[in-house]
Amino acid sequence: MLYWANINNVKVGPLEPEQLASYGLTPDTYVWREGWQQWCKAKFVDELQPWLYRQYGNSCGYAGGSATQYWHFDNRAAGQEHRPPMPSTYLPWSLIVTLACCMPLGIVAIIYSSMVESRYAAGNYDGALSASSQAKGWCIAGAILGALKYLWMIFYFMIAICRVKPY
């Protein structure tokens, strides 16, 4: 059986399973073959298990059965493209945190926010989810730190007002 694979964000194929292994097949590599409606991870394809086992042993997480975890790449052979929705970039929140709360943490959030769209466009949905989660975390951390900063400033201002002696 001939397979297509997305290895390092490059589609290769059609290839035999042993050829796929030589290209760097991993358990999380998405593969497709004629007759399938969608792409799936190699660890869920029974025919690819011998090559994965040689490289990764039982650590690849294969549970047997059929391909159950799918993410559709640009699947022109199947005649359609199905993708889950792009994760949130949190870019507006990153900008607000940068400008109003905590610049260093906001800049990190902006960097992760910008990674979401590029990873999603490259077909790396897991990477896009990870970048989205990181952006959200940095936004929350920046907002909390900014709120603490403003509370400290209000507290300090109140102490300063109380110490002012009237003439």
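The following exercises, each with a worked solution, concern a predicted model of a protein chain.

**Exercise 1.** Determine how many helices and strands the protein chain has, and in which order they follow along the sequence.

*Solution.* The count of secondary structure gives five helices and six strands. Reading along the sequence then yields the pattern β-β-α-β-β-α-β-β-α-α-α.

**Exercise 2.** State what share of the residues in the protein chain is buried, and which atoms supply 62% of the area that the chain exposes.

*Solution.* The chain has 167 residues, and buried residues account for 34% of them. Turning to the surface, the chain exposes about 10500 Å². Carbon and sulfur atoms supply 62% of this area.

**Exercise 3.** Identify the buried residues of helix α3 and explain why they line one face of the helix.

*Solution.* Step one: helix α3 covers residues 91-101, and its buried residues are Ser-94, Val-97, Thr-98 and Cys-101. Step two: viewed down the axis of α3, these buried residues fall within an arc of 120°, so they line one face of the helix. Step three: in general, an α-helix has 3.6 residues a turn, so residues three or four places apart point the same way. Step four: the buried residues of α3 pack against α4 (103-121) and α5. Step five: the face turned away from the buried side carries Pro-92 and Leu-99, which are exposed.

**Exercise 4.** Name the residues of the nonpolar surface patch that includes Phe-157, and locate Phe-157 in the secondary structure.

*Solution.* The patch is formed by Ile-140, Ile-144, Leu-145, Leu-148, Leu-151, Ile-154, Phe-157, Met-158 and Ile-161. Together these residues have about 890 Å² of accessible area. Phe-157 lies in helix α5, which spans residues 125-163.

Key:
Residues numbered from 1 in each chain as written. Predicted model: local features only at pLDDT ≥ 70, side-chain atom pairs only at ≥ 80, totals over all residues. Heavy atoms only, no water. Patch = residues over 30% accessible without salt bridge, like charges linked within 9 Å, V, L, I, M, F, W, Y side chains within 5 Å. Areas by Shrake-Rupley, 256 points an atom, 1.4 Å probe, with all protein chains shown as cover. Salt bridge = Lys/Arg side-chain N within 4 Å of Asp/Glu carboxyl O. Helix = DSSP H or I, 4+ residues; strand = E, 2+ residues; numbered from the N terminus. Buried < 20%, exposed > 50% of the residue type's maximum accessible area, 1.4 Å probe, protein only. Arc of directions from axis to C-beta. Contact = heavy atoms within 4.5 Å.
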